Amino acid sequence: MTKQTADVIVIGGGITGTSAAYQLALRGCRVTLFEKRYLAAGGTGRTVGLIRQHYSNEITARMALRALHVWQDFDQAVGGDVGWIQTGALFIVGPHDLAGLKTNIALQKQVGINVEFLDAQAVHALATYLNIDDIGGAAYEPDSGCADGATATNAYANRAKALGATILQDTKVTAVCLEAGRISGVETTQGDFSAPVVINAAGPWGAHLALGVGYDTPVEASRHQVAVFQRPEGLVHTHPFIGDFIQGFYLRPETGRLTLSGSLEASEATNKVDPDNYVETVDMDFNIDMAEHTEHRVPAMCDAQIRKGWAGLYDVTPDWHPIIGRMPGLEGFICAYGWSGSGFKMGPVTGEMIADLATGEQRCPIDPHLFRFERFAEGDLVTGQYSYSIMG
Ligand SMILES: Cc1cc2nc3c(=O)[nH]c(=O)nc-3n(C[C@H](O)[C@H](O)[C@H](O)COP(=O)(O)OP(=O)(O)OC[C@H]3O[C@@H](n4cnc5c(N)ncnc54)[C@H](O)[C@@H]3O)c2cc1C
C-alpha cells in the first residue's frame with residue numbers, strides 16, 4: 001500500500017543524493033531521500049576529499065571550477081561547515097607527458113581555472129623536499145584543497161531538511177516501480193512511496209537498481225585503498241596535494257602530520273568487489289608500495305610511520321565518467337552514478353544538474369549531455385586530452 005507521495009524520490013544518501021535533495025528542495029519540490037544505512041555510508045564516507053580542477057575536457061573542468069566556488073565558501077553558498085582546507089594541488093609529469101600537460105593547462109586557463117605551469121626548478125622552489133630528478137614539469141593549482149565527505153553530506157542533508165525535504169535513513173529501496181510505462185515510485189523496507197520522478201544516486205549499488213527496471217549500466221564496484229603515513233616531526237611540515245603521474249599515485253596532507261596516499265593507475269578498475277562484502281582495511285603490500293613511491297618523491301619520508309588506512313568503493317564506468325541523465329524510454333527515471341573515484345568534488349554541480357533534469361528547468365549552465373547513458377551503445381565514450389583517464 002502506498003504510504004506517502006513526493007514530487008521526487010532520491011535513492012542514496014551520499015554527496016550526490018544529498019546535494020540533489022538540497023537543490024530540489026531549494027526549488028520548492030517535495031523530496032524524499034532514502035538511505036539504506038546512514039548518510040555517507042558509501043564511497044562518500046571514505047573519500048580522500050580532494051577538490052581539484054585538473055581535468056582534461058572542457059565540461060569536467062568547468063564543473064570542477066563551479067564546484068570549487070561552492071566548497072571554498074560553503075557556509076555562504078549552502079550553509080554549514082564541510083571542513084574545507086586550502087592545500088593547493090601539484091600534478092607532476094615526466095618529460096614525455098609535457099606536451100599533454102601544457103595542452104591541458106591551456107584548456108583549464110581558458111575556462112577560468114587558476115593554474116600555472118612549473119618546470120622542474122620551479123617545482124623545487126615550491127617544495128624543496130621533493131625529488132625532481134625525473135620530473136618534466138607540473139601543473140600547480142593554488143586554490144585547490146580538501147573537504148570532509150561525511151561532514152559535507154550531513155551539511156547538505158541538514159539544509160535539505162530545513163527546506164522541507166524528508167531524509168529517511170536505515171531505509172532500503174528494494175525496487176523501483178513502474179505503472180503504464182513510466183515511473184510510479186519505489187518499494188522500501190518501510191513500505192511503498194509514490195512519486196513521478198525517481199533519482200538513482202546509489203553509487204556502486206546504482207547498477208543493481210537500474211537493472212531491476214531493465215537498464216544494464218556498465219558500472220562496476222571496485223575497491224580503492226588509502227595508505228596513511230605520519231610524517232616525521234620537523235622534516236616536512238606540510239605539503240600540497242601531489243598527483244604524481246610518473247609513479248601513478250597521490251599524496252594528500254591531513255591534520256596530525258598525516259599524509260594519505262593512493263593509486264592513480266587505471267588498474268584500480270580491476271579490483272572488482274561485491275559492494276556489500278569487501279575488505280574495508282588496507283593491505284600491507286599496498287602500504288609498502290605507497291611507502292616506496294612516497295620515499296622516492298619525498299625522500300625525507302623514509303622515516304615516516306605507517307598508520308591505519310582504509311579501503312572504500314569506486315563506481316567505475318568504461319570511460320571513468322559518470323552516467324548523469326534521464327534514462328531513455330522510461331519517463332521519470334534519472335540515473336546519477338558512476339563517478340569512478342572523482343565524484344566528491346563534483347557533488348555541488350551534480351546536484352544542480354540532477355535538479356535541472358528532474359524539473360526540466362535549466363539553472364545550471366553545464367549541460368549533462370556528455371554523461372548520457374546512451375553514449376555506451378553509441379560508442380561515443382568521454383575522452384580527455386591525454387592518457388590519465390582515471391583523472392578525467
Ligand atoms: C578511497 C576513496 C577516495 C576518494 N577520493 C576522492 C577524492 O579525493 N576526490 C573526489 O572528488 N572523489 C573521491 N572519491 C570518489 C568519491 O568519494 C565518490 O565519487 C563520491 O563520494 C560518490 O558519491 P555518491 O553519492 O555518488 O555515492 P555514494 O557515496 O556511494 O552513495 C551511495 C549511497 O546509496 C546508498 N544506497 C545504495 N543502495 C541503496 C538502496 N537500495 N536504498 C537506499 N540507499 C541505497 C548507499 O548506502 C550509499 O550511502 C574517492 C572515493 C574513495 C572510495
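Me: In which sense do strand β3 and β10 pair, and over how many bridges?

Reply: Keep in mind that this is a predicted model. To read a pairing, look at which way the two strands run and count the bridges. Here β3, residues 31–34, pairs with β10 in the parallel sense, over three bridges. For a landmark, find L33: I167 in β10 stands opposite.

Me: Which sheet do β3 and β10 belong to, and what is the strand order?

Reply: Walk across a sheet strand by strand and note each partner. This one is an open sheet of six strands, in the order β10-β3-β2-β14-β21-β20, with mixed pairing. At its edges are β10 (166–168) and β20 (323–326), each of which pairs on one side only. On average, neighbouring strands here are turned by 15° against each other, direction ignored.

Me: Which helix lies across β20, and at about what angle to β20 does it run?

Reply: For a helix on a sheet, ask which strands lie under its path and how its axis is angled. Helix α9 (residues 347–359) lies across β2 (8–11), β14 (197–200), β20 and β21 (333–337), and runs at about 20° to β20.

Me: Now a single residue. Where is Q247, and is Q247 buried or exposed?

Reply: Place the residue first, then check its accessibility. Q247 sits in the loop between β16 (241–244) and β17 (249–254). Q247 counts as buried because its relative accessibility is 14%, and the cut-off for buried is under 20%.

Me: Which residues is Q247 in contact with, leaving aside neighbours within four places in sequence?

Reply: Those are E265, H293, H296 and R297. Take a look at H293: its backbone oxygen lies 3.1 Å from a polar atom of the Q247 side chain.

Note on methods. Residues are numbered from 1 along each chain as its sequence is written. This is a predicted model: local features need pLDDT of at least 70, side-chain atom pairs count only at pLDDT 80 or more; totals for chains, interfaces and linings use all residues. Side-chain values use heavy atoms; hydrogens and water are left out. Two strands pair if DSSP finds at least two bridges between them. Helices (H or I, at least four residues) and strands (E, at least two) are DSSP runs, numbered from the N terminus. Axes are lines fitted to C-alpha atoms, for helices over the stretch in contact, and angles run from 0 to 180 degrees between N-to-C directions. Contact means heavy atoms within 4.5 Å. Buried means under 20% relative accessible area, exposed over 50%, partly exposed in between (1.4 Å probe, protein chains only). A polar contact is a pair of N or O atoms within 3.5 Å; within protein, one must be able to donate a hydrogen and the other to accept it, and residues adjacent in sequence count only if both atoms are side-chain atoms.
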